[in-house]
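I opened this model to see how its strands and helices are put together. My notes follow in the order in which I looked things up.

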Amino acid sequence: MGIFIPIDYYAQILNEVGRFKIITMRNLYGTLNVELSYSLFCRKVKKLEYEGLIRSITGMRKSKILTLTNKGSQYSKFGAQYSDSDKELNHDLIASNVILELNKLPTFEAGSVIHSADQTGIESDGLIFFSKGDKKGTLGIEVELTQKSKIRIVKKFCDYTDSKEISYSLFIFNKESVFRAYKNQLDSMVNEVSDSNLLLLDEGLSSNSFSFFDKEVYFRRKYTNFKDIFGIEHFSGSHT
């Protein structure tokens, strides 16, 4: 038996699974946009599972969720670090879905879930590039399902404000109480911090739902609309 080397579609699949860290089979097929039938695509994923490069987890409604193994991460441009805890599984699936949904907008591109602190020094849940006219930058994504301590909140806000690589951060919440706690903390900080961090509440946020385009975003000490922020010249100043 020869040694299996993942190339072509196999390499694409490994890179994309690594990019999102953990992703459903259906979402993976959709984001790859490969010229393969779904059944043939599933067979290729099964081959990667057989070779020990991908492992699967059964999710809600028997959905198939994929992540790289340590062996598989050696063939991907992205690392693979994943805990088996239900709490992390839900959080990472939501972060993956957030990046997938934002990537659908023409102003965003090349989004990925982050596996650990990278060259930016910030352990973001994800990063995505935005471009609108001559406004370009990088948006750090934070999915906040539970309230952190004041010290951690302040540190995260300040890390993004001081970052030279990340232009802005978008904190996403599914509970109003957590959103309010972060907002109150942000309001107590200097303008430079409030000008760098955005807060968005989506109470329907889940691993397969992220409604954001018509949502209000708290930015620069006032509420505005997500589509307005990324559609006109709000991104001006030192972070563009």
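These entries go from the sheet to the helices that pack on it, and then to the contact between those helices.

**The sheet.** I kept in mind throughout that this is a predicted model. I looked up the strand order first and found an open sheet of three strands, arranged β1-β3-β2 with antiparallel pairing. I then noted the edge strands, which are β1 (23–24) and β2 (54–58), each pairing on one side only. For β1 and β3 (residues 64–68), I recorded antiparallel pairing over two bridges, and when I looked for the partner of threonine 24 in β3, I found that the bridge goes to isoleucine 65.

**Helices on the sheet.** Next I turned to helix α1 (residues 9–20), which packs on the sheet and touches β1, β2 and β3, its direction making about 95° with that of β3. Helix α3 (residues 38–50) also packs on the sheet, where I found it touching β2 and β3, with its direction at about 110° to that of β2.

**Helix against helix.** How far apart are the axes of α1 and α3, and at what angle do they pack? I noted an axis separation of 10 Å and a packing angle of about 75°. Since angles of 65 to 115 degrees count as roughly perpendicular, I entered α1 and α3 as roughly perpendicular to each other.

**Residues in the contact.** I listed Tyr9, Tyr10, Ile13 and Leu14 on the α1 side, meeting Phe41, Lys44, Val45, Lys47 and Leu48 of α3. Sorting the residues of this contact gave me seven nonpolar, two charged and no polar.

Methods: Residues are numbered from 1 along each chain as its sequence is written. This is a predicted model: local features need pLDDT of at least 70, side-chain atom pairs count only at pLDDT 80 or more; totals for chains, interfaces and linings use all residues. Side-chain values use heavy atoms; hydrogens and water are left out. Two strands pair if DSSP finds at least two bridges between them. Helices (H or I, at least four residues) and strands (E, at least two) are DSSP runs, numbered from the N terminus. Contact means heavy atoms within 4.5 Å. Axes are lines fitted to C-alpha atoms, for helices over the stretch in contact, and angles run from 0 to 180 degrees between N-to-C directions. Angles under 35 degrees count as roughly parallel, over 145 as roughly antiparallel, 65 to 115 as roughly perpendicular and the rest as oblique. Ala, Val, Leu, Ile, Met, Phe, Trp, Tyr, Cys and Pro count as nonpolar, Asp, Glu, Lys and Arg as charged, and the others, Gly among them, as polar.
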